Amino acid sequence: MHKSIVTAAFIALTLTSCQKKASGQTVAVVNNEEITASDLNAELANAKIPASAATPDVRNQVLQQLINRRLLEQQARKDGIDKSPDFL
């Protein structure tokens, strides 16, 4: 009985401590910021890559570009230059 109460409390604490809401299937996490499958698919669509050319290698390249962009955005926010007209 005591063990089940402790287990239930642990599960409740774990669930309430999560700060992120699931917004889709996560394909990468960059410093606690998720990149979802829908983000990747939108980037592929914007790149106008034909569906036949969307091989795993192409998807990986586009994902790497998304990761690099997130890293640059995070660094810009950290340096305080994300509010400049050049950044926007």
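Visitor: Before anything else, is R69 buried, partly exposed or exposed?

Guide: In this predicted model, R69 has a relative accessibility of 35%, so R69 counts as partly exposed.

Visitor: And which residue does the R69 side chain meet in a salt bridge?

Guide: The partner is E43, and the two side chains meet with an N to O distance of 2.8 Å. E43 sits in helix α2 and R69 in helix α3, so that the pair links distant parts of the chain, 26 residues apart. Unlike a residue in the partly exposed class, E43 is buried, with a relative accessible area of 18%.

Visitor: How many salt bridges turn up in the whole structure?

Guide: A search of the whole structure finds 3. Another one joins D39 and R70, whose side chains meet at 3.8 Å, N to O. Because D39 lies in helix α2 and R70 in helix α3, this pair ties together parts that are 31 residues apart in sequence. D39 is partly exposed at 29% relative accessible area, whereas R70, at 18% relative accessibility, counts as buried.

Visitor: What about R77, which residue does R77 form a salt bridge with?

Guide: R77 forms a salt bridge with E33, and the closest N and O atoms are 2.8 Å apart. Here R77 belongs to helix α3 and E33 to strand β2, so the pair ties together parts that are 44 residues apart in sequence. R77 counts as partly exposed, at 40% relative accessibility, and E33 is also partly exposed, with a relative accessible area of 26%.

Visitor: Switching to the helices, at what angle do α2 and α3 pack?

Guide: The angle is about 105°, and the axes of α2 and α3 are 10 Å apart. Angles of 65 to 115 degrees count as roughly perpendicular, and α2 and α3 are therefore roughly perpendicular to each other.

Visitor: Which residues of α2 and α3 meet?

Guide: From α2 the residues are D39, L40, N41, E43 and L44, and they meet V58, R59, V62, L63, L66, R69 and R70 in α3. If we look at L44 by itself and leave aside its neighbours within four places in sequence, L44 is in contact with I49, V58, R59 and V62.

Visitor: Which residues make up the largest nonpolar core?

Guide: There are 10 residues in this core, namely A28, V30, I35, L40, L44, V58, V62, L63, L66 and I67. At least two of them come from each of β1 (26-30), α2 (37-46) and α3 (56-79), and α3 gives the most, with 5 residues.

Visitor: V30 is on that list, so what is V30 in contact with?

Guide: Apart from its neighbours within four places in sequence, V30 is in contact with I35, I67, R70, L71 and Q74. V30 lies in strand β1 and counts as buried, at 5% relative accessibility. The C-alpha atoms of V30 and N68 are separated by 9.2 Å, although these residues are 38 apart along the chain.

Visitor: Last topic, in which sense do β1 and β2 pair, parallel or antiparallel?

Guide: They pair in the antiparallel sense over 4 bridges, with strand β2 covering residues 33-36. Within this pairing A28 stands opposite I35 in β2, and A28 and I35 are both among the residues of the largest nonpolar core.

Visitor: And which residue takes a positive phi in that hairpin?

Guide: The residue is N31, with a positive phi near 50°, in a hairpin that has 2 residues between the strands β1 and β2.

Note on methods
Residues are numbered from 1 along each chain as its sequence is written. This is a predicted model: local features need pLDDT of at least 70, side-chain atom pairs count only at pLDDT 80 or more; totals for chains, interfaces and linings use all residues. Side-chain values use heavy atoms; hydrogens and water are left out. A nonpolar core is a set of buried Ala, Val, Leu, Ile, Met, Phe, Trp, Tyr and Cys residues joined through side-chain atoms within 4.5 Å. Buried means under 20% relative accessible area, exposed over 50%, partly exposed in between (1.4 Å probe, protein chains only). Contact means heavy atoms within 4.5 Å. Two strands pair if DSSP finds at least two bridges between them. A salt bridge is a side-chain nitrogen of Lys or Arg within 4 Å of a carboxyl oxygen of Asp or Glu. Axes are lines fitted to C-alpha atoms, for helices over the stretch in contact, and angles run from 0 to 180 degrees between N-to-C directions. Angles under 35 degrees count as roughly parallel, over 145 as roughly antiparallel, 65 to 115 as roughly perpendicular and the rest as oblique.
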